[in-house]
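Work through the following exercises with the structure open beside you, and try each task before reading its solution.

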Amino acid sequence: MDFCDVAHTLPSFTGIMPPFPFRSTWSSLTVAVCLGTVPGSAQVQEVVEVQVSPEVLSLAVGQRQRLFFTAFDASGNIADHPVIRLGTSNALVAKVEPDGTVTGMAPGVATLVITAGRGTAMVRVAVSEGSAGGVSPVAGIEALPSDTLSQRDTSDGGAPAASTAPVRQVVVSPPPSPDPVELSVGQSRRFSVRPLGATYAAATLATWSLSDSAVAQFDVLSGALRALAPGTTDLIASVQGLADLKWRIVVTSLHLAITPSMVTMVTGESRSLDAVMLNASGELFRTLSAGRWSSANPAVATVDSTGTIRGVGWGTATITVTGPGGDSAAAAVTVVGDLLLSARGRLGAGAGLYQMSLDGGSIEPVLLDSATNLYPVRSPSYHAIAFASDARGLYDVYRMAPDGSALQRLTDAEGHHTQPVWSPDGAKIVFTSTRTGRPQIFEMSADGTAVDQLTHGDAPSHSPALSFDGGTVAFVSGRGNDERVYLMSRDGQNVRPARLAEPGQVVRSPRFFPNGDLAAVVRIGTRATALVRWDRQRDVRLPLVTSNGAIREFAVSRDGRFLVVVIESTTRGGKTPTEVLLVDLATSESTALAVPLAPETRVTNPSF
């Protein structure tokens, strides 16, 4: 760290380091401050905001006036050792000196730029011929006639008493207003009252007081008010010859948080977290650009200095960020396998739910009990799993956490309820139900409430799929001579057939691609089946996988690149072995996944 050779305190305000010249693209940019810290001082704080007073100057040629600055860090605190740079757009009109003094050089207009870190402020300077024009008093602040000075006599409530002392008009920043100045705990704001055209510090002219010093504190030297605790206080500036100036200060509490606070992701996936300051109502106050990030379990999830997390292995990890003030916040990260699937060991036994890596090398149970659990599907955020289970005799739709905990039954009507799929926003679940007799397509809120029937009639409808944009439902229905795939809008209207197969061919298990294309299993012979993709834009059918066995189920990855296909073929001995294929549509390569379960295990219902 480089240190300054010389250090001194600029009068009337704090936190400004000694000036040194430097180059700039601005003409005659005259001053910079020390890049570093004074030995023994605090570490440099990252500055995100600069306040300057006054913001407009009107000078005569030869007149001088001082600027006052306050720099704030990302938490709203006054920066103790900011790197302040001052520059002028036209040094022939107005020049600025290292201590912030501006001098009118020639008639014209110039812009002063004050920068510190990522904070920038500008001051417009108008220079005219003749006597000093100064800065107009702030509107709403009444100055008494220039030949007398009146001081309010509060002893008897009478009129102001006359005085022979001269009167100064004042510049007030910020102007008092009926609206309160809202701050959050730890945030600071600068206030100043100065004679017009002079460089008096805040303490020179006004007497400052607070009605409740437990809510805020005021530094008369720098003019900085710092919020301490939630509450309301009045900041009062008493100036001889003027009515008291008053600001109502409202302080709310802030707390550090991480958004999102819960993340579920697959291995190899990356997400970005933000460190934010929230007020008491949970509303965003500020996003922090600085913070120390750490992971309690790097074997599950890592985090870098920008808050980017990466899933490494299955499990849970706590990600923590520590803010500039030392306070901290945490987020819960769960890393899950690439696939969900249902598997049963033998006919008549229950079926458990498992998660598996995409290479088939790792598998672990999510839910194992005596029931038959089918059709597992993760919510778009990965925070929940919906599935069907016959735990109470009839099939119901349930939801649970990614690790199998927090089990909740969502359906309670008579009949079977199965084949759930999530809406893209995670707010709804579309499913098949026999509550009205024949299977029909229904929709409900993700908590099981607000159930709506989407399909009607005597023909059974089942196997729903929802497009990635959430606007179209595909389903299988026997409303014609054969079971076919149909499309409808989300409200159950505009029902039309999908052109996935020739008339007479049996079609089942529709799935959407991210671009809106639709795929389904089509029977193409006595036993042979094919997985066919329908390009809806070109109205073209494309075979993806063909098999002499039965393609039972398949899943489309969320990016549309991969397929997982389950194929069954019955042998002479009556056994039905299951083959699981991973198809990479980008390379047209197909790989058999070795599911690390018992050989007789039947795998069904894969989903990403």
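**Exercise 1.** Find which residues T233 is in contact with, leaving aside its neighbours within four places in sequence, and then decide whether T233 counts as buried or exposed.

*Solution.* Begin by locating the residue in this predicted model: T233 lies in strand β19, which covers residues 231-239. Once the neighbours within four places in sequence are set aside, the contacts of T233 are L210, S211, D212, V215, A216, W247, R248 and I249. Two of these partners deserve a further look, since the side chain of T233 makes a polar contact of 3.1 Å with the side chain of S211, and the side chain of T233 also reaches the backbone nitrogen of D212 at 2.9 Å. For the last step, recall that a residue is called buried when its relative accessible area is under 20%; T233 has a relative accessibility of 1%, and therefore counts as buried.

**Exercise 2.** Describe where D244 is found, and which residues D244 touches when those up to four places away in sequence are not counted.

*Solution.* D244 belongs to the loop that runs between β19 and β20, the latter covering 245-252. With residues up to four places away in sequence not counted, D244 touches I236, A237 and S238. With S238 there is also a polar contact between the two side chains, at 3.2 Å. Finally, compare sequence with space: D244 and W208 are 36 residues apart along the sequence, while their C-alpha atoms are 9.9 Å apart.

**Exercise 3.** Work out the order of the strands in the open sheet that contains β29, and follow the pairing of β29 with β26 and with β30.

*Solution.* Strands of a sheet pair through backbone hydrogen bonds, and this pairing may be parallel or antiparallel. The open sheet has four strands in the order β22-β30-β29-β26, and its pairing is mixed. The edge strands are β22 (262-266) and β26, each of which pairs on one side only, and the twist from one strand to the next averages 25 degrees. Now take the two partners of β29 in turn. Strand β26 (residues 292-295) pairs with strand β29 (residues 315-322) in the antiparallel sense over four bridges, and here S295 stands opposite I319 of β29. Between β29 and strand β30 (residues 328-336) the pairing is again antiparallel, over eight bridges, and V321 has A329 in β30 as its bridge partner.

**Exercise 4.** Summarise the chain as a whole: how many helices and strands are there, and what percentage of the residues count as buried?

*Solution.* The chain has one helix and 54 strands, and of its 608 residues 49% count as buried. Turning to the surface, the chain exposes about 27,800 Å², of which carbon and sulfur atoms supply 49%. Among contacts between residues at least 6 apart in sequence, 46% join residues at least 24 apart.

**Exercise 5.** Decide where in the chain confidence is lowest and where it is highest.

*Solution.* Start from the average, which is a mean pLDDT of 81, with 82% of the residues reaching 70 or more. Confidence is lowest in strand β1 (residues 19-20), at a mean of 29, and highest in strand β39 (residues 428-433), at 98. The pLDDT is below 50 over residues 1-43, a stretch that nevertheless has 99 contacts in the model beyond near neighbours in sequence. Residues 199-203 also have a pLDDT below 50, and this stretch has 17 such contacts. Where pLDDT is low, the predicted coordinates should not be read in detail.

Key
Residues are numbered from 1 along each chain as its sequence is written. This is a predicted model: local features need pLDDT of at least 70, side-chain atom pairs count only at pLDDT 80 or more; totals for chains, interfaces and linings use all residues. Side-chain values use heavy atoms; hydrogens and water are left out. Helices (H or I, at least four residues) and strands (E, at least two) are DSSP runs, numbered from the N terminus. Buried means under 20% relative accessible area, exposed over 50%, partly exposed in between (1.4 Å probe, protein chains only). A polar contact is a pair of N or O atoms within 3.5 Å; within protein, one must be able to donate a hydrogen and the other to accept it, and residues adjacent in sequence count only if both atoms are side-chain atoms. Contact means heavy atoms within 4.5 Å. pLDDT is the predictor's confidence in each residue, from 0 to 100. Two strands pair if DSSP finds at least two bridges between them. Accessible areas come from the Shrake-Rupley method with a 1.4 Å probe; for residues, only the protein chains shown count as cover. Axes are lines fitted to C-alpha atoms, for helices over the stretch in contact, and angles run from 0 to 180 degrees between N-to-C directions.
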